[in-house]
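Trainee: Got a minute to look at a model with me? I'd like to talk it through before I set anything up.

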Amino acid sequence: MITAILQSRLARTSFDKNRFQNVSETLHMECEAEMVTPLVTNPGHVCITDANLYFQPLNGYPKPVVHIMMHNVRRIYKRRHGLMPLGLEVFCTENDLCSDIYLKFYNSQDRDELYFYIATYLENHITEQTAESYMLQWQRGHISNYQYLLHLNNLADRSCNDLSQYPVFPWIIADYSSSELDLTKPETFRDLSKPVGALNKERLERLLTRYREMPEPKFMYGSHYSSPGYVLFYLVRVAPEYMLCLQNGKFDHADRTFNSIAETWKNCLDGATDFKELIPEFYENDSSFLVNSLKLDLGKRQGGKMVEHVELPPWASDPDDFLQKSQNALESQYVSEHLHEWIDLIFGYKQKGSEAIAAHNVFHPLTYEGGVDLNSIMDPNEKVALLTQILEFGQTPKQLFTTPHPQRIIPKFKSLRTSSHNVSIAESPVSPSEESFEDLTEESITLAWNNIAKLKLDEQHKIHKEEITGIAVSCNGSSVFTTSQDSTLKMFSKESKTLQRSVSFSNMALSSCLILPGDTTVISSSWDNHIYFYSVAFGRRQDTLMGHDDAVSKICWHDNRLYSASWDSTVKVWHCVPAEVLGTKKHHFELLAELEHDVSVNTINLNAANAMLVSGTKEGTISIWDVTTATMLHQLSCHSGTVYAAAFSPDSRHLLSTGEDGCFKVIDVQTGMLISSMASEQPQRCFKWDGHSVLSGSQSGELLVWDLLAGKVIERIKGHTGAVTCMWMNEQCSSIITGGEDKQIMFWKLQY
C-alpha cells in the first residue's frame with residue numbers, strides 16, 4: 001500500500017526547475033530515485049544538467065534539494081543495493097570513506113544512464129582504479145593494509161551509507177588478556193586463513209554435523225559476518241538514533257550490548273550464532289565509538305553494573321592507545337604475510353562454490369548476489385519480506401577475485417632488521433662488507449630508476465643495413481656486439497667509435513646475441529635454424545649448433561646452459577661445455593630439456609635466480625616454467641598477437657610482458673594471476689623494468705617511461721625513426737643502448 005502511494009506521488013510530481021543554480025543550465029536527464037542513508041531510503045527526483053547533479057526528496061529532508069557541482073566530483077561507483085544493480089555513489093573527495101550522495105534507482109537503465117553522463121564529464125581527469133591495480137600497489141608496499149582493505153570494500157560495493165553493506169574488516173588480534181601486546185609472536189594473531197565460524201574447532205564440528213544433515217540449499221552459518229545489527233552493535237555509542245530505529249525505539253538488552261572487546265571476541269569464538277567480523281573504525285583514529293560520551297542509558301547488566309565505556313584489554317591504556325595498537329597489528333609483518341588469505345575468503349575465490357565449502361565459508365543463500373531474483377517474484381508481500389531479509393541479515397561482498405590472491409611482498413632485508421636487531425654479526429647470514437656492497441649497488445640502481453626520465457642521447461651510429469635485433473656488451477663496456485636482419489654480427493668500439501668487425505654466418509637474418517662470461521665468445525641465433533658461436537679472440541666462427549627445425553628467435557645463457565626459443569614451437573635447454581674446458585676445437589652440447597608449446601615461440605627470459613623461464617608466443621600466450629624440473633607453472637593467454645618481450649621483476653614476484661596489441665600485462669608469478677593491464681597508443685617492442693617503473697622502446701621510435709602503479713606514461717623521449725627493436729641496460733641501470741628499425745644504435749646516459 002505504502003509503495004503504491006509512493007509510486008503514485010512520484011509519478012505525479014517532477015523536479016522543480018526553479019531549483020537550478022543557473023538559468024542557463026541544460027537539462028540532460030531526470031528520473032525517480034531514492035537517496036540511501038543508514039537504515040532509510042528517501043524517495044525523490046534526480047536531475048542532472050551540464051553543471052550540476054540534483055536530488056529533490058519528496059519530503060524535503062534532509063533539505064529541499066541536495067546539490068552537487070559536477071566539477072567537484074572526484075569518484076563515482078556503480079553499486080548493488082539489496083543485491084541488485086541499482087545503486088550509484090558519488091564522491092567529491094579522493095580518499096574519504098563516506099560519499100556525498102548514494103542513490104538507488106528503480107531500474108538499472110536509469111542508473112547506467114546517469115553514470116554515463118557523470119563519467120563522460122569526468123573522463124578527462126579521473127582514472128578509475130581496478131582491484132588488480134590496487135593489488136599491485138599493495139603488493140609493492142605503496143599502500144598500507146588498511147588502505148588496501150578500504151579500496152577492496154569500496155570496489156565490492158560496501159558503503160558507509162548502506163548499513164546492510166558496511167565496509168568489513170577482519171579481527172586481527174587474538175590476545176585480549178596479556179598486559180603487553182607482542183606483535184612478534186604468531187599466537188598473538190587470529191588465523192586469517194579461516195572464517196570466524198571456523199576458528200573454534202569444536203563449534204565448527206557441530207556446525208558441520210548440522211550442515212551435512214541439512215536439505216538443499218545448505219549453509220554452515222545462519223548469521224552473517226556483517227549486517228546492520230552488527231555494525232550498530234559496535235557504533236551504538238555514536239549512532240544511537242540508528243540503533244533505536246532498528247530496535248523499534250529501544251536499545252538492545254544490556255548484556256547483549258557492546259561492553260567489552262575481550263567478551264566480544266570470546267563470543268565470536270564460542271557463540272553458536274555469532275560470526276561477526278569488525279568494521280573500519282577499529283583501525284582508524286576516532287575512538288569515540290568506544291566511549292559513552294553522550295551519557296546514554298544503555299541499561300544495567302546482570303551483575304548490576306551500568307553499561308558505560310567499552311572495556312579495553314589490559315594492554316591498552318586508553319581508547320586511543322587501543323586503536324593505535326590495533327593499527328600497528330593490522331600493518332604488522334604477520335598480517336602483511338597472511339592478509340591475502342582473509343581476502344580470499346571475503347572478496348576472493350573462496351567466497352563461493354566448492355572452494356567456499358572446503359574453506360568452511362558457506363552462508364545463507366540469500367546473502368549472495370544471485371541467491372534470489374526479486375524481479376521474478378510477483379507477490380508484493382513476499383518480495384518485501386525477502387528484501388527485508390537481504391537488507392537486515394547481511395550481504396556477502398561482490399566477488400573481486402576468482403583465483404588465489406597473491407601474497408604481499410615483504411623485503412627480506414627489512415624483516416632482518418626489524419625482527420633481528422639483536423642478531424650478532426656472526427649469526428647474520430650476510431657479512432657486513434657484503435651487505436654494504438649490496439646496499440651500495442641497490443642504492444645506485446634505485447637512484448638510476450628514480451632518474452630514468454632524465455635519459456639523454458649521448459651518441460648514435462648507423463652500422464647495419466637492416467633492422468637491429470640484438471645487443472651484447474663486453475664486461476668493461478668497451479665493445480658492443482649487435483645482430484641484424486642484414487645477417488651480420490658486428491663489433492663496435494665504444495672508445496674509438498669505430499666499427500671493428502663484421503661477420504656473416506649465412507644469408508639469413510640473425511635474431512639475437514649474447515656474450516659469454518670472460519668476453520671470449522659471442523653467441524648469435526639465426527632464422528636459418530642455427531645458433532652460431534663466434535670467438536672474439538680468434539675472430540672466427542668457432543662452432544654451430546643445429547638445434548631447431550625453424551628460425552631461432554631468442555637465446556639466453558646461464559651457468560653453461562643455453563636456452564633457445566624457436567618458431568618450431570619449442571624452447572630447448574642445452575648443457576654446453578666450452579671448447580677451452582674440453583681442450584678441443586668444438587663445444588660439446590647436450591640437450592637437457594625440451595619445453596613444448598602449441599605455436600611459435602617469439603621470446604624468452606630468465607629470472608634473476610635463473611630458476612624460472614618465461615616464454616611468449618606469436619599467438620599471445622605467456623608461459624612460466626620451472627627450469628630445474630622443466631615443468632610449466634602457469635600459462636595465460638595475455639595478448640592478442642605476438643608477445644614482443646617478457647621479463648621478471650628483480651625479486652621474481654611479478655612478470656611484465658608487452659605485445660603486438662599495444663598492452664603491458666603484469667602477472668603475479670606465484671599464483672599466475674593477471675593483475676594489471678596498461679594500454680599504449682603504439683605497441684612497445686622492448687623494455688627494461690625494476691618492478692615499479694618501466695623504460696620501453698616504442699613502435700614509434702620513442703623511449704617511454706611508465707609509472708606502472710599509476711598506469712601511465714610519465715616521460716616521452718625522442719629516439720629512433722622507426723621502431724625501437726632491442727634494448728641493453730648495464731647492471732647499475734645507468735647506461736642504455738637501443739637498436740632500431742632505422743639501422744642505428746643509440747647510446748643513452750642518465751643525467752643526475
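Mentor: Sure, let's go from the whole chain down to single contacts. Keep in mind that this is a predicted model.

Trainee: Okay, how many helices and strands are in the chain?

Mentor: The chain has 15 helices and 35 strands. Its C-alpha trace spans about 95 × 70 × 55 Å along the principal axes.

Trainee: And what share of the residues counts as buried?

Mentor: Of the 752 residues, 53% count as buried. The accessible surface is about 33700 Å², and carbon and sulfur atoms account for 50% of that.

Trainee: What about contacts, how many join residues at least 24 apart?

Mentor: If you take contacts between residues at least 6 apart in sequence, 54% join residues at least 24 apart.

Trainee: Switching to charges. How far apart are the mean positions of the positive and negative ones?

Mentor: They're 1 Å apart, with 66 positive and 92 negative charges in the chain.

Trainee: How many salt bridges does a search of the whole structure find?

Mentor: It finds 24. Take Lys104 and Glu34, where the closest N and O atoms are 3.9 Å apart. Lys104 is in strand S7 (residues 101-105) and Glu34 in strand S1 (residues 27-37), so this salt bridge ties together parts that are 70 residues apart in sequence.

Trainee: Is Lys104 buried or exposed?

Mentor: Buried, because its relative accessibility is 14% and the cut-off for buried is under 20%. Glu34 also counts as buried, at 7%.

Trainee: Got another one? Which residue does Lys78 pair with?

Mentor: Lys78 pairs with Asp112, at 3.5 Å from N to O. Lys78 sits in strand S5 (residues 75-81) and Asp112 in helix H2 (residues 108-122), so the salt bridge connects parts 34 residues apart in sequence. As for cover, Lys78 is partly exposed at 35% relative accessible area, and Asp112 is partly exposed at 30%.

Trainee: What's the N to O distance for Arg301 and Glu263?

Mentor: That salt bridge comes out at 2.9 Å. Arg301 is in the loop between helix H8 (261-270) and helix H9 (319-330), while Glu263 is in H8 itself, and the two are 38 residues apart. Glu263 counts as partly exposed, at 37% relative accessibility.

Trainee: Which residues are joined into one network by salt bridges that share partners?

Mentor: Arg79, Arg80, Glu89, Asp157, Glu369 and Lys398.

Trainee: You mentioned H9. Which of its residues are buried?

Mentor: In H9, the buried ones are Asp321, Phe322, Leu323, Ser326, Gln327, Ala329 and Leu330. An α-helix has 3.6 residues a turn, so residues three or four places apart point the same way.

Trainee: What do those buried residues pack against?

Mentor: They pack against helix H4 (145-155), H8 and helix H10 (333-346).

Trainee: Now the geometry. What span should H9 have?

Mentor: At 1.5 Å a residue, its 12 residues should span 16 Å, and the end C-alpha atoms are 17 Å apart, which agrees.

Trainee: Last one, helix H12. How far apart are its end C-alpha atoms?

Mentor: They're 18 Å apart, and that agrees with the 18 Å expected for the 13 residues of H12 (residues 380-392) at 1.5 Å a residue. After H12 comes Gly394, whose phi is positive, near 105°.

Trainee: Great, that gives me plenty to look at on screen.

Key:
Residues are numbered from 1 along each chain as its sequence is written. This is a predicted model: local features need pLDDT of at least 70, side-chain atom pairs count only at pLDDT 80 or more; totals for chains, interfaces and linings use all residues. Side-chain values use heavy atoms; hydrogens and water are left out. Helices (H or I, at least four residues) and strands (E, at least two) are DSSP runs, numbered from the N terminus. The expected span of a helix is 1.5 Å times one less than its number of residues. Buried means under 20% relative accessible area, exposed over 50%, partly exposed in between (1.4 Å probe, protein chains only). Contact means heavy atoms within 4.5 Å. Accessible areas come from the Shrake-Rupley method with a 1.4 Å probe; for residues, only the protein chains shown count as cover. Lys and Arg count as positive and Asp and Glu as negative; His and the chain ends are not counted. The place of a charge is taken as NZ of Lys, CZ of Arg, CG of Asp or CD of Glu. A salt bridge is a side-chain nitrogen of Lys or Arg within 4 Å of a carboxyl oxygen of Asp or Glu.
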